[in-house]
Amino acid sequence: MVKGIRDYAESFATNDINQTVDKIAYAINEEGYTVPKGGGGVSEAYRSDDIRIEFGHGARKLTGTGMEADYVQRILAKDVLIKGLNIGEQGSFVIIIDGIKIKYSAFKYANDKINIGTFYLID
């Protein structure tokens with residue numbers, strides 16, 4: 001069963017996962033994400049204990065959904081931690097947040113770094 005965002009927030013608060021996720025860095029300007037020269041880049045990063053979770057450009061795809069990027073990215077960060085990727089492993093995952101299916105790809109670079117390069121809405 002896939003949980004919605006509110007269910008995840010509640011289950012995380014009730015020790016489904018004991019980690020908190022704090023925003024530590026962001027490169028989004030007032031007009032929104034600006035792609036770095038050459039593409040790619042890290043738009044925002046979060047930390048949970050000793051693990052850094054970086055995000056690319058997925059947040060711009062939330063336009064019109066009414067969902068805040070920070071809230072969604074915290075949920076995705078916690079979700080990917082639960083998945084338990086091994087170093088060098090990539091995974092694609094689907095989660096339902098407020099009734100909206102979101103697919104994201106993640107790659108674990110090292111013990112302390114996971115990258116969620118993008119996420120997007122699916123039907």
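**Note on the predicted model**

1. Helix H2, residues 69-83, has the length expected of it. At 1.5 Å a residue, its 15 residues should span 21 Å, and the end C-alpha atoms lie 21 Å apart, so the two values agree. The model is a predicted one, and the points below should be read with that in mind.

2. The buried residues of H2 are Val72, Gln73, Ile75, Leu76, Ala77, Lys78, Asp79, Val80 and Leu81. The list includes Gln73, Lys78 and Asp79 alongside residues such as Val72 and Leu76. For reading such a list, a general point helps: an α-helix has 3.6 residues a turn, so residues three or four places apart point the same way. Just after H2, Gly84 has a positive phi, about 65 degrees.

3. On the overall layout, the chain contains 2 helices and 8 strands. Along the sequence they follow the pattern α-β-β-β-β-β-α-β-β-β. Of the 123 residues in the chain, 37% are buried. Among contacts with a separation of 6 or more, 49% are between residues 24 or more positions apart.

4. Strand E5 (51-55) pairs with two other strands. E4 and E5 run antiparallel and are joined by 5 bridges; within this pairing, Arg47 has Arg52 of E5 as its bridge partner. E5 and strand E8 (residues 113-122) run parallel and are joined by 4 bridges; here Ile53 has Ile114 of E8 as its bridge partner. E5 is mostly covered, with 4 of its 5 residues buried.

5. Two aspartates deserve a check of their backbone angles. Asp49 has a positive phi, near 50 degrees, and is not a glycine. Asp49 sits in the loop between strand E4 (44-48) and strand E5 (51-55), a hairpin with 2 residues between the strands. Its relative accessibility is 53%, so Asp49 counts as exposed.

6. The second is Asp98, which also is not a glycine and has a positive phi of about 50 degrees. Asp98 lies in the loop between strand E6 (90-97) and strand E7 (100-110). With a relative accessibility of 40%, Asp98 counts as partly exposed.

7. Which residues of the largest nonpolar core touch the most other members? The core has 23 residues, and the answer is Leu76, Val80, Tyr104 and Phe119. Two or more residues of this core come from each of E5, H2, E6, E7 and E8. H2 gives the largest share, 6 residues. Leu76 and Val80 are also among the buried residues of H2.

8. Phe119 can be followed further. Leaving aside residues up to four places away in sequence, Phe119 touches Phe55, Gly58, Ala59, Lys61, Leu62, Val72, Gln73, Leu76, Ile102, Lys103 and Tyr104. Among these contacts, Val72, Gln73 and Leu76 are also on the list of buried residues of H2.

9. The whole structure holds 4 aromatic pairs. In one of them, Phe55 and Phe119 have ring centres 6.2 Å apart and planes at 90 degrees, so the pair is edge-to-face. This pair links distant parts of the chain, with Phe55 in strand E5 and Phe119 in strand E8, 64 residues apart. Both Phe55 and Phe119 are buried. Ring pairs also bring Tyr46 into a cluster with Phe55 and Phe119.

10. How are the rings of Phe107 and Tyr109 arranged? Their centres are 4.7 Å apart and their planes are at 70 degrees, so this pair is edge-to-face. Phe107 is partly exposed, with a relative accessible area of 26%. Tyr109 is partly exposed too, with a relative accessible area of 47%. Lys113 lies over the face of Tyr109, at 5.0 Å from the ring centre.

11. To put the points together: E5 is joined to E4 by antiparallel bridges and to E8 by parallel ones. E5 and E8 also supply the rings of the Phe55 and Phe119 pair. Phe119 is one of the core residues that touch the most other members, and H2 gives that core its largest share.

Methods: Residues are numbered from 1 along each chain as its sequence is written. This is a predicted model: local features need pLDDT of at least 70, side-chain atom pairs count only at pLDDT 80 or more; totals for chains, interfaces and linings use all residues. Side-chain values use heavy atoms; hydrogens and water are left out. The expected span of a helix is 1.5 Å times one less than its number of residues. Buried means under 20% relative accessible area, exposed over 50%, partly exposed in between (1.4 Å probe, protein chains only). Two strands pair if DSSP finds at least two bridges between them. A nonpolar core is a set of buried Ala, Val, Leu, Ile, Met, Phe, Trp, Tyr and Cys residues joined through side-chain atoms within 4.5 Å. Contact means heavy atoms within 4.5 Å. Rings of Phe, Tyr and Trp (its six-membered ring) pair if their centres lie within 6.5 Å; planes under 30 degrees apart count as stacked, over 60 as edge-to-face and the rest as tilted. A charge sits over a ring if NZ of Lys or CZ of Arg is within 6 Å of the ring centre and within 35 degrees of the ring normal.
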